[in-house]
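I opened the file today and kept notes while clicking through the fold. What follows is in the order I looked things up.

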Amino acid sequence: MRAHLILLSAFLLAATAQPQQAPSADPAAASGAPARSLEQPTPRPKSKTVPIDAPALSYYAVSTGVLDHEVHTIPASDADRLARLKTAFTQVDCTGDRMRIQDMKDGQNLICTWPGKDPSTIVVVAHYPHKGKGEGAVDDWSGAALLPYLYLAVQAAPRTNTYVFLESTGKKGNEEYLKSLSKQQKKDIRAVVDLMGLGVSPVPRFYTPSDTADPKADAFHLQLEFLYSTFSDSRLQLPQPLNPQRWITTDDTEAFRFSQTPAIIIHSIPQTSVGLPGSAQDTAAAVDTANYYWNYRTIAIYLAALDGVAEKLATNDPLWGAGGSGYRLNLNDLPWVH
């Protein structure tokens with residue numbers, strides 16, 4: 001674990017040598033005018049080594065106004081939340097066999113699948129039920145409301161991996177989802193990305209839970225890929241490692257990790273706001289539209305980048321290149337955004 005932290009620290013130090021300015025929200029949204037469509041972003045200079053003519057992501061079709069509406073209008077009951085999510089997923093082509101409702105004793109899971117070329121799977125999960133004293137906007141409507149638009153984002157290019165978006169009831173819901181899978185389907189899960197506590201800061205935080213002092217290489221590689229993928233869009237702020245244990249109530253990735261699946265938790269809660277999630281102040285007003293959009297953009301790029309490296313996560317070398325693994329990350333592996 002110490003070696004992993006040293007590597008991450010060195011990476012972060014080098015990457016932050018030039019201070020990054022905080023990205024601004026869509027100008028139209030900030031001024032109160034109707035949100036501008038992001039289908040035509042300002043082009044960046046083309047690279048000779050990284051193709052950018054074919055977009056790898058479709059999030060330019062989603063305005064900040066859409067995301068603002070989804071995260072700030074919070075249904076009152078868990079049943080209404082699930083109904084809203086089902087409608088949102090239906091609107092982004094999760095229909096027919098792609099959508100599955102999993103009935104359980106204490107609620108329902110909503111599962112949307114975007115098929116890839118291979119059965120290998122990347123699972124993106126958030127929990128939708130209300131918890132805590134406030135509205136539960138940060139923890140965790142912010143994560144649940146984002147999943148349909150991440151589902152849309154992965155549709156822009158053919159994918160090698162199958163993507164599963166799980167709107168879960170929480171830890172128990174994740175356990176029940178895994179129980180519904182065959183032994184081979186469990187083995188096919190390459191990575192789990194757990195989203196919670198978004199929209200508080202534009203800087204995403206990440207953490208890979210581990211039951212040992214030294215996390216497995218594949219969990220560490222999930223962190224490295226998150227850092228690398230951010231460099232494909234110069235307007236994003238670099239993710240920072242931060243353990244959410246001071247505010248997280250349950251580890252929703254536990255069931256997946258017990259099945260030997262690498263998992264990463266992504267949130268936006270800085271140390272100064274650890275008392276916010278689940279508190280009386282956890283209301284829709286606590287989610288900033290601009291921060292939420294930039295969290296979304298960062299995660300969308302990460303999910304697209306994972307498609308190219310998911311099968312390589314389990315290599316033992318922490319640098320993905322030394323020691324004969326035959327693979328080293330570089331910017332040419334990433335979806336370039338303009």
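**Entry 1: strand β4**

I started with strand β4, residues 162-168, and found that seven of its seven residues are buried, so I logged the strand as mostly covered under the 20% cut-off for relative accessible area. Note to self: this is a predicted model.

Next I checked which way the β4 side chains go. T162, V164, L166 and S168 point one way, while Y163, F165 and E167 point the other way. Both sets are buried, and I noted that E167 is among them.

Then I looked at the partners of β4. With β2 the pairing is antiparallel, through five bridges, and C112 sits opposite F165 of β4. With β3 (residues 121-127) the pairing is parallel, over seven bridges, and there V123 stands opposite V164 of β4.

**Entry 2: the whole sheet**

I zoomed out to place β4. The sheet is open and has eight strands, and I read the order as β1-β2-β4-β3-β5-β8-β6-β7, with mixed pairing. At the edges are β1 (99-104) and β7 (240-241), each of which pairs on one side only.

I followed the β1 edge. Strand β2 (residues 107-114) runs antiparallel to β1, and six bridges join the two. The link between them is a hairpin through two residues. Two opposite pairs went into my list: R100 faces I111 in β2, and D103 faces Q108 in β2.

Before leaving this edge I looked at what comes ahead of β1. D93 sits in the loop between α4 (78-91) and β1. I flagged D93 for its phi, near 80°, which is positive although the residue is not a glycine. D93 counts as partly exposed because its relative accessibility is 35%.

On the other part of the sheet I checked helix packing. Helix α8 (residues 217-230) lies across β5 (189-195), β6 (205-207) and β8 (263-267). The angle between α8 and β8 is about 40°.

**Entry 3: helix α5**

Helix α5 covers residues 137-153, 17 residues in total. I got 22 Å from its first C-alpha to its last, close to the 24 Å expected at 1.5 Å a residue. The helix does have a kink, about 35° at L147, shortly before the proline P148.

I also flagged a cis peptide bond between D139 and D140, with omega about 10°. D140 belongs to α5, and I marked that bond for a second look.

For burial, α5 came out mostly covered, with 17 of its 17 residues buried.

**Entry 4: the cores**

Where do the nonpolar residues gather? The largest nonpolar core has 67 residues, and α5 gives the most to this core, with twelve residues. The residues with the most contacts inside the core are F89, L150, F165, L195, Y296 and L303. As background, nonpolar side chains in soluble globular proteins tend to be buried together.

I picked L303 and listed its contacts beyond four places in sequence: V124, L150, V154, Y163, F165 and V193. Y163 and F165 are on my earlier list of β4 residues that point the same way, opposite to V164.

Another core lies apart from the largest one; it has 13 residues, including V164, L181, I189 and F256.

**Entry 5: T230 and T298**

I finished on two threonines. T230 lies in helix α8, and T298 lies in helix α10 (residues 289-309).

Are they buried or exposed? T230 counts as buried because its relative accessibility is 4%. T298 is buried too, at a relative accessible area of 2%.

What does T230 touch? Leaving out residues up to four places away in sequence, I found L236, Q237, L238, P239 and T298. For T298, with its neighbours within four places set aside, the contacts are P204, F226, T230 and L236. L236 turns up for T230 and again for T298.

Last check: T298 and L236 are 62 residues apart along the chain, yet their C-alpha atoms are separated by 6.7 Å.

Methods
Residues numbered from 1 in each chain as written. Predicted model: local features only at pLDDT ≥ 70, side-chain atom pairs only at ≥ 80, totals over all residues. Heavy atoms only, no water. Pairing = 2+ DSSP bridges. Helix = DSSP H or I, 4+ residues; strand = E, 2+ residues; numbered from the N terminus. Contact = heavy atoms within 4.5 Å. Axes fitted to C-alpha atoms, helices over the stretch in contact; angles between N-to-C directions. Expected span 1.5 Å × (residues − 1). Bend = angle between axes of the 7 residues up to and from the residue. Buried < 20%, exposed > 50% of the residue type's maximum accessible area, 1.4 Å probe, protein only. Core = buried A, V, L, I, M, F, W, Y, C linked by side-chain atoms within 4.5 Å.
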